[in-house]
Amino acid sequence: MRVDRFLSNLPRFNRQQVRLLLVERRVRIDGQTVNDPRAQVREFSHVEVDGEVLQAGRMARYFMLHKPQGCVSATRDPQHRTVLDLLDEPDKDDLHIAGRLDFNSTGLMLITNDGSWSRRLTQPQTKLPKVYYVETEQTITAEYAATFAQGLYFAFEDLTTQPAELTLLGPTSARLSIVEGRYHQVKRMFGHFNNKVLRLHRERMGPLVLDLDLEPGRYRALSPDEIRLI
Ligand code: URA
């Protein structure tokens, strides 16, 4: 949000005072003096007025995890191990998952405390492809690709899924690329053909690809270059 809005939202300053603070160059964001009322204050910005800290900039954190089977994509679960239990990090309550996977699905899971970053990654509007390797009980026929490309009607949400791309890899295996993450979306798409998904593994989210040498249950921090890609 704009710095003038950020400051006038605080009970101690009115708009007139905020204008003066900026003109008198008494406001700093991330160590830089600002006088432009349009300067942006973000979730992780450090904001000071006359050297007094009004928002302490937290550290933004980003991780790639290889989710194993039999683990819940939630921050807490009374019964099962969660993906956050796999992280050996401080302040785990601050972290959230960008795009869940079902209990028995495996693969790429991105975990962060940066809400705008994770929204960009998961919002259907940004159209970032999520790529899954799928194995099914029955044969996957050529008809599937055409149906998925057209979109499928989901009665519960009363919506038609966005076009998805299916590449056949074998009689019962395929790679599917979707830009949304509706509830159980992949299983429901194959369910349209009464074909049960036996294995579901997320390989990629947008430009971020799961490291081939990252074992199930292991994780690593994303590099600054990877973070900037989203
Ligand atoms: N779609 C599903 O049905 N399950 C997942 O875990 C991910 C996408």
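At the start of H2, how far is a side-chain oxygen of Asn-14 from the backbone nitrogen of Gln-16? The oxygen reaches to within 3.1 Å of that nitrogen. Keep in mind that what you're looking at is a predicted model. Below is a quick tour: two helices, a hairpin, the residues around the ligand, two buried spots further along the chain, and a few backbone oddities.

**The first stretch of the chain**

- The UniProt annotation "domain: RNA-binding S4", from an unreviewed entry, covers residues 1-58.
- In the model, this span is 26% helix and 22% strand, and its end C-alpha atoms sit 17 Å apart.

**Helix H2: one side in, one side out**

- Helix H2 takes up residues 15-23, and its buried residues are Val-18, Leu-21 and Leu-22.
- Those buried residues are on the same side of H2 because they cover an arc of only 95° around the axis.
- Here's the general idea behind that: an α-helix has 3.6 residues a turn, so residues three or four places apart point the same way.
- Now flip to the other side of H2, where Arg-19 and Val-23 are exposed.
- What do the buried residues of H2 pack against? Their partners are helix H1 (3-8) and three strands, namely E1 (27-29), E2 (32-34) and E3 (47-49).
- Just after H2 comes Arg-25, with a positive phi of about 55°.

**The hairpin of E3 and E4**

- Strand E4 spans residues 52-55; E3 and E4 run antiparallel and are joined by 3 bridges.
- If you want a pair to find on screen, look for Glu-48, which stands opposite Val-53 in E4.
- The hairpin has 2 residues between its strands, and Asp-50 takes a positive phi near 50° there.

**Helix H3**

- Helix H3 runs through residues 115-122, with Gly-115, Trp-117, Ser-118 and Leu-121 as its buried residues.
- These residues share one side of H3, since they cover an arc of only 160° around the axis.
- At the start of H3, a side-chain oxygen of Asp-114 comes to within 3.3 Å of the backbone nitrogen of Ser-116.

**Around the ligand**

- Which residues are around the ligand? They are Leu-101, Asp-102, Ser-105, Tyr-132, His-184, Gln-185, Val-186, Lys-187 and Leu-200.
- Asp-102 has a polar backbone atom 2.7 Å from an oxygen atom of the ligand.
- Ser-105 uses its side chain instead: a polar atom there is 2.8 Å from an oxygen atom of the ligand.
- His-184 has a polar backbone atom 3.2 Å from a ligand oxygen atom.
- Zooming in on Ser-105, you'll find it in the loop between strand E6 (96-98) and strand E7 (106-112).
- Is Ser-105 buried or exposed? Its relative accessibility is 2%, so Ser-105 counts as buried.
- Setting aside neighbours within four places in sequence, Ser-105 is in contact with Lys-67, Pro-68, Gln-69, Lys-187 and Leu-200.

**Two buried residues further along**

- Phe-154 belongs to strand E9 (residues 153-154), and it counts as buried because its relative accessibility is 5%.
- Not counting residues up to four places away in sequence, Phe-154 touches Leu-159, Thr-161, Arg-182, Gln-185, Arg-188 and Met-189.
- Take Arg-188: it is 34 residues from Phe-154 along the chain, yet their C-alpha atoms are 8.6 Å apart.
- Ala-174 lies in strand E12 (residues 173-178), and with 0% relative accessibility it counts as buried too.
- Apart from neighbours within four places in sequence, Ala-174 is in contact with Tyr-132, Tyr-133, Val-134, Ile-140, Leu-166, Thr-167, Leu-168 and Leu-169.
- Between the C-alpha atoms of Ala-174 and Ala-145, 29 residues apart along the chain, the separation is 10 Å.

**Positive phi in two loops**

- Asp-30 isn't a glycine, but it has a positive phi of about 50°.
- You'll spot Asp-30 in the loop between E1 and E2, where it counts as partly exposed because its relative accessibility is 48%.
- Asp-91 isn't a glycine either, and its phi is positive, near 50°.
- Asp-91 sits in the loop between strand E5 (62-67) and E6.
- Why does Asp-91 count as exposed? Its relative accessibility is 58%, and the cut-off for exposed is over 50%.

How values were computed
Residues numbered from 1 in each chain as written. Predicted model: local features only at pLDDT ≥ 70, side-chain atom pairs only at ≥ 80, totals over all residues. Heavy atoms only, no water. Helix = DSSP H or I, 4+ residues; strand = E, 2+ residues; numbered from the N terminus. Buried < 20%, exposed > 50% of the residue type's maximum accessible area, 1.4 Å probe, protein only. Contact = heavy atoms within 4.5 Å. Arc of directions from axis to C-beta. Polar contact = N/O pair within 3.5 Å; in protein donor to acceptor, adjacent residues only side chain to side chain. UniProt positions renumbered as here; feature names shortened; annotations may be inferred. Pairing = 2+ DSSP bridges. Near = heavy atom within 4 Å.
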